[in-house]
Amino acid sequence: MPAYIQARNVRLTFRPPNRAAVIALDAFDMDVQEGEFLSIVGPSGCGKSTFLNVLLGLIKPDSGEVSMRGRKITGPGSERAMVFQEFGLLPWRTVAHNIELGLELKRAAAAKRRHVSERLISLVGLAGFENHYPHELSGGMKQRVGLARALATDPEVLLMDEPFAALDAQTRDLMQVELLRIWREARKTVLFVTHQIDEAIYLSDRVLVMSKRPGRTKKIFEIKLPRPRDYEMRVTPEFNDLKLEIWNTLKDEIVI
Ligand code: ADP
Ligand code: MG
């Protein structure tokens, strides 16, 4: 039985015109279980975003297999959605209309779109801001809109590429708490790329450490901390032991 999401022996080369080819991923394997929260950490340029784009169906590997529910991923599909670091909101659309974008593209009726956006606005804690424009929102609020927009088409899998990297430290901490609540309520599978080891441990069922480029899975850490998780957990010896172990695995891969 293949895993829910499975990557086997994936190799991916970028061949920019007039420049040397770059092997972004090589011999890359990973398994993701349905409903799990999996974080990926790895040095800059090791192929994390590349892999999420392969899962989204935007780029194809040279060789190897990437599948979901046993079916090869060959292109974009509504069961997979991405949340970006830069939010990717359309400045001329209100919060509600940004959230409804994917449903409009799927030609959903206006009443259905409104029903979905109302539910999501409440889920991500933006009630009262439906008619605001992106420039009127804080960074944390913009990312809530980004998250609601990704959830609007009811995907099974959320691909999150450093979604909190543009937020200040306190907003980031609060957004992590919110994300766990939303993950629990919306019951999605999440693949979460981050540079912050704390964030990866706090959120995840497992943390996957990638090697430097060409990226492959170096080591996987099971995070057995009980859920629901609270902030105090981050200052326990168990948490710090994990943090040190993950850092020790990651640090040899970082080239400066
Ligand atoms: P990460 O997200 O882990 O920081 P990326 O997946 O963005 O890394 O990139 C992996 C490698 O592939 C990097 O060396 C990057 O420069 C290269 N790369 C990414 N996208 C492209 C592209 N469209 N064309 C050429 N090279 C690319
Ligand atoms: Mg990246």
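Q: How many strands does the open sheet have, and in which order do they sit?
A: Let's start with the general idea: strands of a sheet pair through backbone hydrogen bonds, either parallel or antiparallel. In this predicted model, there is an open sheet of 4 strands, and reading across it gives the order β2-β1-β4-β5. The pairing is antiparallel.

Q: Which strands are the edge strands?
A: Look for strands that pair on one side only. Here those are β2 and β5, the latter covering residues 71-72.

Q: How many bridges join β4 to β5?
A: Strand β4 spans residues 63-68, and 2 bridges join it to β5. The two strands run antiparallel. You can find one partnership by eye: M68 has R71, in β5, as its bridge partner.

Q: Now the ligand. Which residues surround ligand 1?
A: A good habit is to list the neighbours and then ask where they come from. Around ligand 1 you will find F14, V22, A24, P43, S44, G45, C46, G47, K48, S49, T50 and R213.

Q: Which elements each supply at least two residues of that shell?
A: Both β2 (22-32) and α1 (48-56) do. The largest share, 3 residues, comes from α1. Notice that β2 is also one of the edge strands of the sheet we just read.

Q: How many residues of each class does the shell around ligand 1 have?
A: Sorted by class, the shell holds 5 nonpolar, 5 polar and 2 charged residues.

Q: Which polar atoms lie by the oxygen atoms of ligand 1?
A: Check backbone and side chain separately. On the backbone side, a polar atom of G45 is 2.7 Å from an oxygen atom of the ligand, and one of G47 is 3.0 Å from a ligand oxygen. From a side chain, a polar atom of K48 sits 2.9 Å from an oxygen atom of ligand 1.

Q: How much of ligand 1 does the protein bury?
A: Imagine the ligand alone first: it exposes 560 Å². The protein then buries 64% of that area.

Q: Let's try a single residue. Where is A165 found?
A: A165 belongs to the loop between β7 (157-161) and α6 (169-186). Leaving out residues up to four places away in sequence, A165 touches Q85 and R172. Its C-alpha atom is separated by 29 Å from that of N9, which is 156 residues away along the chain.

Q: Why does A165 count as partly exposed?
A: Because its relative accessibility is 32%, and partly exposed covers the range between under 20% for buried and over 50% for exposed.

Terms used
Residues are numbered from 1 along each chain as its sequence is written. Chains are lettered from A and ligands numbered from 1 in the order in which they are written. This is a predicted model: local features need pLDDT of at least 70, side-chain atom pairs count only at pLDDT 80 or more; totals for chains, interfaces and linings use all residues. Side-chain values use heavy atoms; hydrogens and water are left out. A residue is near a molecule or strand if one of its heavy atoms lies within 4 Å of it. A polar contact is a pair of N or O atoms within 3.5 Å; within protein, one must be able to donate a hydrogen and the other to accept it, and residues adjacent in sequence count only if both atoms are side-chain atoms. Accessible areas come from the Shrake-Rupley method with a 1.4 Å probe; for residues, only the protein chains shown count as cover. Ala, Val, Leu, Ile, Met, Phe, Trp, Tyr, Cys and Pro count as nonpolar, Asp, Glu, Lys and Arg as charged, and the others, Gly among them, as polar. Buried means under 20% relative accessible area, exposed over 50%, partly exposed in between (1.4 Å probe, protein chains only). Contact means heavy atoms within 4.5 Å. Two strands pair if DSSP finds at least two bridges between them.
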